[in-house]
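Hi,

Here is the structure I said I would pass on. Have a look at it first, and then read my notes underneath.

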Amino acid sequence: AGARDISASVVNGTFAMWDESIGIYGSGMPDGCASWLTGCESSAKFYESNTFYDVEAITDVVEVGRGYEVVLGGDNLESDTINFSGSTLKMTGSLNDGNNIVVSVSSLWDTKGNPYVSPINFNSVQRSGVCNYFYAYSPQTGSYEWYDGTNNTSSTPELANGIIAAGQGFYVNGPGTLTFCDSSKTSATAYFLKDGE
C-alpha cells in the first residue's frame with residue numbers, strides 16, 4: 001500500500017480499467033472517499049507546473065506519456081499497509097501505432113511516463129528544453145530517487161543508466177518537450193520502483 005508513479009501505454013484506456021484492480025478513491029468516484037483522504041481528494045493525481053491535479057472522473061482517459069501518482073490500497077490505508085498484498089493493473093485497448101509520442105513539459109516540474117510496453121533509455125528520448133534528469137518516488141526507500149544523465153549517475157540501482165521500466169511514471173522539469181520514439185526503446189533490464197522486495 002502507498003504511492004506509486006505509474007503510466008500507461010494503451011491508447012484511450014480509462015481509470016475505470018485501473019479501478020477494477022486497485023480502487024480509485026475520491027469525490028464522485030465509484031469507491032467513494034477513503035478514510036485516509038483529507039477533503040476527499042482523488043487517490044490518482046498528475047503533477048503539472050509544480051501543482052497536483054486530481055483525476056476527476058473514473059471515465060477520464062489515462063493519457064499516454066503522462067505520469068500519475070496513485071495511492072494503492074483500500075479504504076483504510078493504515079491497515080492496508082499490513083494487509084495489501086499488491087495488484088496487477090489491467091488495461092485493454094490498442095497500443096501506440098509506432099508514431100513518435102510528443103509530450104509538452106511545463107516551465108516547472110511535471111509527471112510524465114514511459115508510453116511503451118518496453119523499457120526505454122531516457123538518454124535516447126529527444127529533449128527540447130528539458131534536461132537529462134528525472135526522478136520518481138520509491139516506496140522501498142520512502143523518498144524520491146533520481147537519475148542524472150549529465151554524469152550518468154543515479155541514487156538507486158533501479159534507475160542506473162537512465163533505464164525506465166514499462167509502466168513507470170517520473171518527474172521532469174521544463175519548459176520544453178519530450179519525444180519518445182522507437183529508438184528510445186531498449187532491451188536492457190528495467191526495474192519498476194514498486195516495492196521493498
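Below is what I found, going through the sheets, the cores, the aromatic rings and one loop residue.

Before anything else, keep in mind that this is a predicted model.

**The four-strand sheet**

Let's start at the N-terminal end. There is an open sheet of four strands here, in the order β1-β5-β3-β4, and the pairing is antiparallel. β1 (2-6) and β4 (51-54) are the edge strands; each has a single partner strand, so one side of each is left without a neighbour in the sheet. From one strand to the next, the twist averages 30 degrees. Between β1 and β5 (residues 68-72) you will find five bridges, in the antiparallel sense. If you want a landmark for that pairing, use Ala3, which stands opposite Val71 in β5. The helix α1 packs on this sheet and touches β1, β3 and β5, and its direction makes about 30 degrees with that of β5.

**The three-strand sheet**

Another open sheet has three strands, ordered β7-β16-β10, again with antiparallel pairing. Its edge strands are β7 (101-105) and β10 (126-128), each of which pairs on one side only. Ignoring direction, neighbouring strands here are turned by 15 degrees against each other on average.

On one side of β16, five bridges join that strand to β7 in the antiparallel sense, and Ile101 stands opposite Phe180 there. β10 is joined to β16 (residues 176-180) by three bridges, also antiparallel; Ser128 has Thr177 as its bridge partner in β16.

The two faces of β7 are worth a look. Ile101, Val103 and Val105 make up the covered face, while Val102 and Ser104 are on the uncovered one.

**The nonpolar cores**

Which residues have the most contacts inside the largest nonpolar core? They are Phe122, Phe134, Phe170, Val172, Leu178 and Phe180, in a core of 18 residues. The elements giving two or more residues to this core are β7, β11, β15 (169-173) and β16. β7 makes the largest contribution, with three residues.

Another core, of 17 residues, lies apart from that one, and includes Ile22, Phe46, Val55 and Ile58.

Phe122 is a good residue to click on. Leaving aside neighbours within four places in sequence, Phe122 is in contact with a list of residues that includes Arg127, Cys131, Phe134, Ile164, Phe170, Val172 and Leu178.

**Aromatic rings**

Rings turn up a lot in these notes: the count comes to 18 aromatic pairs. One of them is Phe134 with Tyr147, a tilted pair at 5.6 Å centre to centre, with 35 degrees between the planes. This pair links distant parts of the chain, with Phe134 in β11 (residues 133-138) and Tyr147 in β12 (residues 143-148), 13 residues apart. Phe134 and Tyr147 are both buried.

Compare that with Tyr137 and Tyr144. Their ring centres are 5.2 Å apart and their planes stand at 65 degrees; edge-to-face needs over 60, so this pair is edge-to-face. Are these two tyrosines buried or partly exposed? Tyr137 is buried, because its relative accessible area is 18% and the cut-off is under 20%. Tyr144 has 37% and is therefore partly exposed.

Both tyrosines also belong to one aromatic cluster, made up of Tyr47, Phe52, Trp109, Tyr133, Tyr135, Tyr137, Tyr144, Trp146 and Tyr171.

Two rings have a charged side chain over them. Arg66 lies over the face of Phe46, 3.8 Å from the ring centre. Over the ring of Tyr116 sits the charged end of Lys185, at 4.6 Å from the centre.

**One loop residue**

Last, Gly32. This glycine lies in the loop between α1 (15-22) and β3 (44-48). Gly32 counts as partly exposed because its relative accessibility is 22%. Not counting residues up to four places away in sequence, Gly32 touches Tyr25 and Gly26. For a sense of where the loop sits, Gly32 and Thr111 are 25 Å apart in space, C-alpha to C-alpha, and 79 residues apart in sequence.

Over to you, and happy browsing.

Conventions:
Residues are numbered from 1 along each chain as its sequence is written. This is a predicted model: local features need pLDDT of at least 70, side-chain atom pairs count only at pLDDT 80 or more; totals for chains, interfaces and linings use all residues. Side-chain values use heavy atoms; hydrogens and water are left out. Two strands pair if DSSP finds at least two bridges between them. Axes are lines fitted to C-alpha atoms, for helices over the stretch in contact, and angles run from 0 to 180 degrees between N-to-C directions. Buried means under 20% relative accessible area, exposed over 50%, partly exposed in between (1.4 Å probe, protein chains only). Contact means heavy atoms within 4.5 Å. Rings of Phe, Tyr and Trp (its six-membered ring) pair if their centres lie within 6.5 Å; planes under 30 degrees apart count as stacked, over 60 as edge-to-face and the rest as tilted. A charge sits over a ring if NZ of Lys or CZ of Arg is within 6 Å of the ring centre and within 35 degrees of the ring normal. A nonpolar core is a set of buried Ala, Val, Leu, Ile, Met, Phe, Trp, Tyr and Cys residues joined through side-chain atoms within 4.5 Å.
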